[in-house]
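Subject: Structure for your files

Hello,

Here is the structure we talked about handing over. My notes on it follow below.

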Amino acid sequence: MGLPREQALTTWVQQQLNDTELTIHPLAGDASFRRYARIHSKANTYMLMDAPPEKEDSQPFVAIDQWLDTHGVRVPHIIAKDLNQGFILLEDFGDTLLSQVLNDDTVDQYYRQAMNQLLQLQQLPINDPAQQLPAYDLDKLMQEMSLFDHWFVEQYLNIQLTPDEQQLLQETYRLLANTALAQPQVVVHRDYHSRNLMVLQQEQGAKQELGVIDFQDAVVGAYTYDLISILRDAYVQWPASRVNEWMQYFWQHLPASQTTSKTLNDFAREFDFMAAQRHLKVLGIFIRLNLRDGKTGYMKDLPLVFHYLLQEIKPYPELQAFDAFVQQRILPAFLQKQPESCAIIEGAGVGQPV
């Protein structure tokens, strides 16, 4: 942050809080141009988002935050905003990520709480004139999966795809995308995982709350998408038996209109196909962040995401040709790049944050 911007930011915050003695403590950023800081004022602490308008359009964040807040989703309240300068003052959710408190004893409680909140999120009106969310449409789904072949396969593994392989990938992508579009369409957070849920500090005896952050890319899409984000989290892995139990809990609490003429096995297939779409995208994004943007921190998460993909495509006859391609062409090249990943790929180390 340059000195003039820092001075402008400080002056603005002092004016909003009527406090010239406040202190500003910068915090680590994320994968965007946004910067964050914690404000210590006389009466309280706040979170400041600094999003330079020439690099980040904050209007979508503000609009979706206010809309979710109005509908009872536990997002940070907006205290003040100046979109011309790119300054937003928010309620402080603290520092405790859900990922930091997950263990064998706590995960059931927290995941059920996260799923209950997700069920609430999915009841929001998708045609509300006050907030027109974009559709997670065929073009978007296909574009996301293309990150896999461009970044993960070609750029990272240095595999040149044959025309037949390119066709196979396109056919697979279209199958996964069409399956997603055939599912009930609801409000989708798009990154509903353990690093985007905060464990909020509560008064003595009050019910524990989970706060939701990083929601600005919300869309209207498949009802399994966010469930996959939390249950097959790129940053923490649990035994398949527990994931299946949680998936069944979610299924049992869905509105009857979404489960009519459908079995739990049907839902599991929707879940796996949507998960394969997400994990193809994530593999591509993690490599793009590394190779294009110089952000290496996500490389350690590749093996778990690749493990998920292998498990998701294996059981289904419709994906047999794609599974064979991944096993014969992709997996050997990946293990050559990351031989230490073999244990995770084979499913070891479950039940542990990674």
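In this predicted model, helix 5 and helix 6 touch through a set of side-by-side residues: Leu-138, Leu-141, Met-142, Met-145, Ser-146, Phe-148 and Asp-149 from helix 5 meet Leu-169, Gln-170, Tyr-173, Arg-174, Leu-176, Ala-177, Asn-178, Ala-180 and Leu-181 from helix 6. Sorted by class, that contact holds eleven nonpolar, three polar and two charged residues. The two axes, for residues 138-156 and residues 163-182, come within 9 Å and cross at roughly 140°. Angles over 145 degrees would count as roughly antiparallel, so helix 5 is classed as oblique to helix 6. The crossing is right-handed.

The loop between helix 5 and helix 6 contains Asn-158. Its phi is near 60°, a positive value in a residue other than glycine. Asn-158 is exposed, at 56% relative accessibility. Asn-18 also has a positive phi, near 50°, and lies in the loop between helix 1 (3-17) and strand 1 (23-27). Asn-18 has a relative accessible area of 65% and is exposed. As background, most residues other than glycine have a negative phi.

A second helix pair is helix 11 (residues 302-313) with helix 12 (residues 320-337), whose axes are 10 Å apart at an angle of about 160°. That angle makes helix 11 roughly antiparallel to helix 12. Their crossing is left-handed. On the helix 11 side the contact uses Leu-302, Pro-303, Phe-306, Leu-310 and Ile-313, and these meet Phe-322, Asp-323, Val-326, Gln-327, Ile-330, Leu-331 and Phe-334 in helix 12. By class there are ten nonpolar residues, one polar and one charged in this contact.

Phe-306 and Ile-330 come up again in the largest nonpolar core, which has 104 residues. Together with Tyr-111, Phe-152, Leu-227 and Leu-231, they touch the most other members. Helix 10 (residues 264-291) supplies the largest share of this core, 13 residues. Leaving aside residues up to four places away in sequence, Leu-227 touches Met-115, Leu-118, Met-247, Phe-250, Phe-267 and Phe-271. There is also a second, separate core of twelve residues, among them Leu-22, Ile-39, Tyr-46 and Ala-80. In soluble globular proteins, nonpolar side chains tend to be buried together.

Regards

Key: Residues are numbered from 1 along each chain as its sequence is written. This is a predicted model: local features need pLDDT of at least 70, side-chain atom pairs count only at pLDDT 80 or more; totals for chains, interfaces and linings use all residues. Side-chain values use heavy atoms; hydrogens and water are left out. Axes are lines fitted to C-alpha atoms, for helices over the stretch in contact, and angles run from 0 to 180 degrees between N-to-C directions. Helices (H or I, at least four residues) and strands (E, at least two) are DSSP runs, numbered from the N terminus. Angles under 35 degrees count as roughly parallel, over 145 as roughly antiparallel, 65 to 115 as roughly perpendicular and the rest as oblique. A crossing is left-handed if the near helix is turned anticlockwise from the far one by less than a right angle, and right-handed if clockwise. Contact means heavy atoms within 4.5 Å. Ala, Val, Leu, Ile, Met, Phe, Trp, Tyr, Cys and Pro count as nonpolar, Asp, Glu, Lys and Arg as charged, and the others, Gly among them, as polar. A nonpolar core is a set of buried Ala, Val, Leu, Ile, Met, Phe, Trp, Tyr and Cys residues joined through side-chain atoms within 4.5 Å. Buried means under 20% relative accessible area, exposed over 50%, partly exposed in between (1.4 Å probe, protein chains only).
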